[in-house]
Number of protein chains: 2
Amino acid sequence: MKILVADLEGVFLPEMWVSVAEKTGIEELRLTTRDIKDYDVLMTKRLAVLKEHNLKIQDLQKVIATLEPLDGAVEALNWIRQEAQIIILSDTFEEFANPLMVKLNFPTLFCHNLTIDGQGNITGYNLRINNQKTEAVKALKGLNYHVIAFGDSYNDVGMIQEANQGFFFNPPDSILVDFPKVPVTRNYQELKTMISTALMVA
Amino acid sequence: MKILVADLEGVFLPEMWVSVAEKTGIEELRLTTRDIKDYDVLMTKRLAVLKEHNLKIQDLQKVIATLEPLDGAVEALNWIRQEAQIIILSDTFEEFANPLMVKLNFPTLFCHNLTIDGQGNITGYNLRINNQKTEAVKALKGLNYHVIAFGDSYNDVGMIQEANQGFFFNPPDSILVDFPKVPVTRNYQELKTMISTALMVA
C-alpha cells in the first residue's frame, strides 16, 4: 500500500517567514531553508531577530492569519486526499501552522513546537526529533507503506531520498544543480500527473 | 508533542460488516472483532460467506455508500482536528472505507486492502502489517510523539496499551470485564472531555 508525504510551505502554503518579513519590513526574516541549509543556524538567527524587534507570538500569528494557501493548493490537496493518504511533514511549528490548517481542511501535519513565555516572547524552539521528515518516512516504511515524498527545499531532500519514490515540487534552481537526478514537477497539474503515475505503478 | 490515534468503526462510523449483514439479510456477516477476537479467523469466514452468496465488491460498495457517520461523529472529529493531530487506525480495507471517508472530511487513515479479481470477486485480503495499530503507535512514539489512543474493540486493546495514554470509547461490556483498568468514555461529550484533559497534561 502507498502513502504520500509532502512539505507544506512552498508546496501548499507560502513561506511563512518570508510573509512575516514582508509584512513587518524586517528583511532578515526573509531567509528560509532554501537559503540556509542548517536549520538550527537559521532558527537561532530568526529568534534573535524577533527578540531584537520585540516581536511576540501574537504579532506573528496576526500576520500568519492573513495568509492564504497558494493558488490552486486547496484544490490540489483535496484531489490528493481523494486518491491516497497523505501526511504533511513540515519543519514549521504548530503555533505558526495551526491558524492556516483550517484553510487546507486539516490534513494531518507532523511538525515541531515553540517555547513561549508568559509575555508571548518566543524563547526557544523544540525540534520534535532531528531529521523528522526522513525519520517519518523510515517509520512509514517500517509500517509496510510504499512512501511517495515531495517537497521544494533542502530540508526535503532527506525524505525524498529515503522514500520509495520522491520528487521536487517547484524547487529553486540551486537544488536542481545539487540533486540533478531527482524528478521535478513545477505546478499542480504536473504534480497530479506525477502522483497518478506513482499510484498506478504496482 | 502529542498526537491522537483512533479506531474508525464503532467510533466514527457504524460497523460496516454489520450494516452489510442488515442490508443483505446475511446474518453470518454480522460478526465483528467484538465477537471473534482472531481477525484472520473472522476475515476468512467473511470471505467464504461472500463467495457462498456470490457477493462482489460492487455489491458491498453499494451498501457501504448508503451508510452515514454515527450521530455527532463529524462534529466530534472536526473538533478533534482543531485541537490536535489525529490518525485513524482501522483494520478495515481501503476499498470499503474510501466511499465513506469523504463524509468524515478525509482524516488520515491507516488500514489494509483487498485482492479483487477481474469479475469483482474478493479473493483475499492483505494485512499491510500484523498488529498494525500497535505498530503504528510504536512508530509514532519513535518519532517522539506522546500518543493518545482510543477505540471500542478487542483489536484496539494493543494500541491502547502501547500508547502513552489510552481509553475505550463506547465499548461492549465484555471488554470492560477483560480490561477493567482502561478508562472508558461513552459518548462524544465524554470523549471531548477526556481528550481536552489528555492534551492539557504536560
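The following exercises, with worked solutions, concern the interface, symmetry and salt bridges of a predicted two-chain model.

Residues are numbered from 1 along each chain as its sequence is written, and chains are lettered from A in the order in which they are written. In this predicted model local features need pLDDT of at least 70, side-chain atom pairs count only at pLDDT 80 or more, totals for chains, interfaces and linings use all residues, and side-chain values use heavy atoms, with hydrogens and water left out.

**Exercise 1.** Describe the interface of chain A and chain B.

*Solution.* Begin with contacts (heavy atoms within 4.5 Å): 27 residues of chain A meet 27 residues of chain B. Next, take the buried area (the accessible area, 1.4 Å probe, that two parts lose on being put together, summed over both). The value is about 2,300 Å², with 60% given by carbon and sulfur atoms. Met1(A), Arg128(A) and Leu143(A) supply 31% of the area that chain A buries against chain B, more than any other three residues. Finally, examine the pairings. The rule finds zero salt bridges across this interface (a salt bridge being a side-chain nitrogen of Lys or Arg within 4 Å of a carboxyl oxygen of Asp or Glu).

**Exercise 2.** Determine how chain A and chain B are related.

*Solution.* Superpose the copies by least squares on the C-alpha atoms of residues with pLDDT of at least 70 in both. Chain A is laid on chain B with an RMSD of 0.0 Å by a turn of 180° and a shift of 0.0 Å along the axis. The two copies are therefore related as by a two-fold rotation axis. Of the residues of chain A, Ala139(A) comes closest to this axis, its C-alpha lying at 2.8 Å. Because 100% of the interface residues of chain A are also interface residues in chain B, the copies meet through the same surface.

**Exercise 3.** Analyse the salt bridge of Lys133(A) and Asp7(A).

*Solution.* First, the closest N and O atoms of Lys133(A) and Asp7(A) are 2.9 Å apart. Second, locate the partners in the DSSP runs (helices H or I, at least four residues; strands E, at least two; numbered from the N terminus). Lys133(A) lies in helix H6 of chain A and Asp7(A) in the loop between strand E1 (2–6) and helix H1 (16–24), so the pair ties together parts that are 126 residues apart in sequence. Third, consider burial (buried: under 20% relative accessible area; exposed: over 50%; partly exposed: in between; 1.4 Å probe, protein chains only). Lys133(A) is buried at 2%, and Asp7(A) is buried at 5%.
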